[in-house]
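Colleague: Could you take me through the aromatic pairs in this one, and then whatever else in the packing is worth a look?

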Amino acid sequence: MTEAQFLRSLFDKAVEVANPMRSLANHLPPKPAGRVIVIGAGKASARMAEAVEAAWGPCEGLVITRYGYSRPTQGIEIVEAAHPVPDQAGLDATSRMLDLLASCGPDDFVLALISGGASALLEAPAEGISLDDLRVLNAALLASGAPIDRMNTVRKHVSRVKGGQLAAAAYPAKMLTLMISDVPGDNPAFIGSGPTVGDPSTSAEALAVIGKWKMAVPPSVITALNRPTGVIAPDDTRLTTTENVIYAAPAQSLDAAAELATMPVQILGDAIEGEAREAAAAHAALALSSKPCLLLSGGELTVTCRGNGVGGPNVEYLLALAIALDGAANIHALACDTDGVDGGAEVAGAIISPDTLQRAKALGLDPQAMLDNNDAHSFFAALGDQVVTGPTLTNVNDFRAILITA
């Protein structure tokens, strides 16, 4: 097995462990008597719904997932919508989901399935915010370089469904939310912007995020943030019938990958955040000073977009890592998003090797210029070193592996 094949096997294992068909059923209670409604949103939500019906049989419900991520279900309706920038299909499906929850009574049971991607897929903007405004806001958030928890703070306070509002809509029905975590620290309040989780943050905090990261947002967003928020406080009575459970998280995937290694393994953390190129510089310095081993890490890196290329945090990290390693012998690396999509391309990530910069030079590529233009996907496409998985139907965020051989 080559170094590249070994690294790919680690990534495949990390994804496999987080597959809802493998793990979700263990966290389901027996199917309740009476009316059961299944709702959900996220890139893994259709697979989660499929897993629920494999255990419970046909169910009433509605789940919203990304285009191309649908799965066959028996009773639960699957709606596809746009991600990461929302579209009308997502808004219409969310409105129908709220209508469905409005019919719930105290004897009903709601199972909510939430995974990464729900922030864009489950959308009901606050009064006065149009779909076009919402798109501009999401684009500004994604380009800002702000950490995911700060982005989601803004999203919650311009929404009628995030920050516990979905659970409040189902009250007084009993609700169980099963989540796949894609956020550093596994805080359920930030998975998909916490539609079933109370949040103590304020609109003023959301305004501060916009100011700190210098986001250009529509006036309607500022107007909405200057009105009373709809976000539900953690001690609100309407959340007393809701239970939130994270059943799959990045740490499990890193541990599973580590079990495949035959060399010493160092897990740097499952919640690493910050600028992709800065993380790459730190990891390159560590790799250059390490004895043979495998360095694993997860979390969610960000990119402050300054160029107009096609990139994403995982490939930006890898390109910066390759430049920092400068062809160092015996160091190979992989960085991929476990949902199969990294930033602006339908590509999970890529792999680098000691000859990456040499091969790039032979093709007339300028690695630093392409990094400066946030064009890492184009760089790795030219080299033929991309990792393309298609929809993985799960999402436990970034997976990075640096292999240092003798």
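Modeller: Let's start with two neighbours: Phe379 and Phe380 are both buried, where buried means under 20% relative accessible area, exposed over 50% and partly exposed in between, using a 1.4 Å probe and protein chains only. Before going on, a word on the ground rules. This is a predicted model, so local features need pLDDT of at least 70 and side-chain atom pairs count only at pLDDT 80 or more, while totals for chains, interfaces and linings use all residues. Residues are numbered from 1 along each chain as its sequence is written, and side-chain values use heavy atoms, with hydrogens and water left out.

Back to the rings. The structure holds three aromatic pairs; rings of Phe, Tyr and Trp (its six-membered ring) pair if their centres lie within 6.5 Å, and planes under 30 degrees apart count as stacked, over 60 as edge-to-face and the rest as tilted. One of them joins Phe11 and Phe399: with centres 6.1 Å apart and planes at 45°, this pair is tilted. Phe11 sits in helix H1 (residues 3-17) and Phe399 in strand S12 (residues 398-404), so the pair ties together parts that are 388 residues apart in sequence. Helices (H or I, at least four residues) and strands (E, at least two) are DSSP runs numbered from the N terminus. Phe11 is buried at a relative accessible area of 0%, and Phe399 counts as buried at 1%. As for Phe379 and Phe380, their ring centres are 5.0 Å apart and the planes stand at 90°, so that pair is edge-to-face.

Now the nonpolar packing. A nonpolar core here is a set of buried Ala, Val, Leu, Ile, Met, Phe, Trp, Tyr and Cys residues joined through side-chain atoms within 4.5 Å. The largest has 36 residues, and Ile39, Ile64, Val110 and Leu166 have the most contacts inside it. Among the elements that each supply at least two residues of this core are strand S1 (36-41), helix H4 (88-102) and strand S4 (109-114). H4 gives the largest share, five residues. Ile39 touches, among others, Leu62, Met97, Val110, Leu166 and Met175, not counting residues up to four places away in sequence; contact means heavy atoms within 4.5 Å. A second, separate core of 34 residues includes Leu301, Ala350, Leu371 and Ala376.

One polar spot to finish: Asp133, in helix H6 (residues 131-144). Its side chain makes a polar contact of 2.7 Å with that of Ser220. Outside the residues up to four places away in sequence, Asp133 touches Gly128, Pro218 and Ser220.

Conventions. Polar contact = N/O pair within 3.5 Å; in protein donor to acceptor, adjacent residues only side chain to side chain.
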